[in-house]
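Here are my notes on this model, as numbered points. Please read them with the structure open.

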Amino acid sequence: MSHVHGGGDAPHQPNTDTASSDSDRRKFLKLAAGSGAIGLSSTFLASGSASAATAAAPTPVGAAFQKPFPVHGYAAKAQGSALTPFAFDRRAVGPNDVAIDIHYCGVCHSDIHTSHGDWGPSRYPLVTGHEITGKVVAVGSGVSNVRVGDRVGVGCMVDSCGHCHECSAGFEQYCEEGPMMTYGSEVPASVEPTGTTQGGYSTAVVVNKDFVIRVPDTVELAAAGPMMCAAVTVYSPLRHWSVRKGSKVGIVGMGGLGHLAVQMATAMGAEVTVFTTSPDKVADAKRFGAKEVVVNYDADKMKGLARTFDFILNTVPYKHDMDPLMATLKRDATICLVGIGKAPEPNQLGIFTTINKRNSFAGSMIGSIHETQEAVDFCDLHKIAPDVKLIRMAQINQVWADVVAKKARYRYVIDVKAA
Ligand SMILES: [Zn+2]
Ligand SMILES: [Zn+2]
């Protein structure tokens, strides 16, 4: 595997009480071995310093993780059905695996689209969620990049072929064999006992070590959730199209992705204009750093913005009129779409839209594992965080309805441990 990890040598939390954590570990392993239940891990983790392993000694995989182990989640049992409690197994922790006790999972529009079959048929039962954060509870013998107790996250992918042209170049998201997505990918039972990868609306997950993102101590786990998908999805194109000091950037749609894009582009030095359909988001857009806000393609403002932008990032996940936006691009500039609508309702461009100023219409899908780590570290460095509203798992159906009704301000995050 050629995956590169920016955080591979990040400092660990100082470990000052090895003796007591060793005893905690033994207690935990004994408990876990007796019950086979991962839920006990929280008792262990709550006891404090978890990074007990010394650098040289691999952490043994506890008995609870040497065979498939039970977890709880919320799943759609059929296309478009409400999410209901679902008990299933995660695979045994293999040599290159990391088991993570999930604390938080962000609610992404993709969860809803996938569950509703908007992008084509899905596999059921389906546990969605790919903005996962938590703590490592077990690692395989071949794992050295994270240790038990580390604060980590998992984004949209949990594996890829590792040897194709794209993977070799560090673009796992564009893997020629298709990356293994965090949920909904058909896999052998040895990978996920249900035969379908299952996401983060659940109590624990097991993933390949190269797909684990490190969460710095200075970033709250709840806030880090939406960084795993929303933040990297906007960070990757902002970087690819070289947004920098002095760039004039348009951000279209200010939801979960957009509100992070405004903050990140501003931190990169850009002058940001937000396009929104929600008048009540104007004040927030300015709070996130936007210089200007355009509501519902306000005609006067659109006229004044002709040939203004070096780059436009479009986060809207529904069909919408893009021609007016293209008119605000400078010559040769690009608009990049990261929002994905419904398959039967693709966006369309007028026949002259791209030729008038030699503009490009582009797309971008999430980001690589390396970029995901960069996005988290960038947020940490610039003190950028999503506006998060914590919810309980049992509220998920109402929350999905609220997301579709554009009520999110700006990211719902499931507090998996909340009763
Ligand atoms: Zn997502
Ligand atoms: Zn590949």
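1. Terms and overall make-up. Helices here are DSSP runs of H or I with at least four residues, and strands are E runs of at least two, numbered from the N terminus. On that basis the protein has 12 helices and 17 strands. Keep in mind that this is a predicted model.

2. Burial and contacts. The protein has 419 residues, and buried ones make up 50% of them. Take the contacts with a separation of 6 or more: 71% of these join residues 24 or more positions apart.

3. The open sheet. Six strands pair in parallel, in the order S12-S11-S10-S13-S14-S15. Its edges are S12 and S15 (360-363), each of which pairs on one side only. Neighbouring strands are turned by 20° against each other on average, with direction ignored. Helix H7 packs on this sheet and touches S10, S11 and S13 (309-314). The direction of H7 makes about 170° with that of S10.

4. Strand S11. Is this strand mostly covered or mostly open? Covered: S11 spans residues 271-276, and 5 of its 6 residues are buried.

5. S10 to S11. S10 (residues 248-252) runs parallel to S11, and 5 bridges join the two. The chain gets from S10 to S11 by way of H7 (residues 256-267), in a right-handed β-α-β crossover. Within this pairing, Ile251 has Val274 of S11 as its bridge partner.

6. S11 to S12. S12 (residues 292-295) pairs with S11 over 4 bridges, again in the parallel sense. Here the link is helix H8 (residues 282-287), and this β-α-β crossover is also right-handed. Thr276 has Val295 of S12 as its bridge partner.

7. The nonpolar core. Which residues touch the most other members of the largest nonpolar core? They are Val234 and Leu313, in a core of 110 residues. Domain 1 (3-228 + 385-418) and domain 2 (231-363) both give residues to this core, so it lies between them. As background, nonpolar side chains tend to be buried together in soluble globular proteins.

8. Around Leu313. Leaving out residues up to four places away in sequence, Leu313 touches Val234, Pro237, Leu238, Val249, Ile251, Val252, Ala261, Cys336 and Val338. One of these, Ile251, is the residue bridged to Val274 of S11. Val249 and Val252 lie within the bounds of S10, residues 248-252. Ala261 falls in H7, residues 256-267.

Notes: Residues are numbered from 1 along each chain as its sequence is written. Chains are lettered from A and ligands numbered from 1 in the order in which they are written. This is a predicted model: local features need pLDDT of at least 70, side-chain atom pairs count only at pLDDT 80 or more; totals for chains, interfaces and linings use all residues. A residue is buried if 20 or more other C-beta atoms lie within 10 Å of its own, exposed if 12 or fewer, and partly exposed in between; C-beta atoms are placed from the backbone. Two strands pair if DSSP finds at least two bridges between them. A crossover is right-handed if, with the strands pointing away from the viewer, the path from the first strand over the helix to the second runs clockwise. A nonpolar core is a set of buried Ala, Val, Leu, Ile, Met, Phe, Trp, Tyr and Cys residues joined through C-beta atoms within 7 Å. Domain bounds come from an automatic or database domain assignment. Two residues are in contact if their C-beta atoms, placed from the backbone, lie within 7 Å. Axes are lines fitted to C-alpha atoms, for helices over the stretch in contact, and angles run from 0 to 180 degrees between N-to-C directions.
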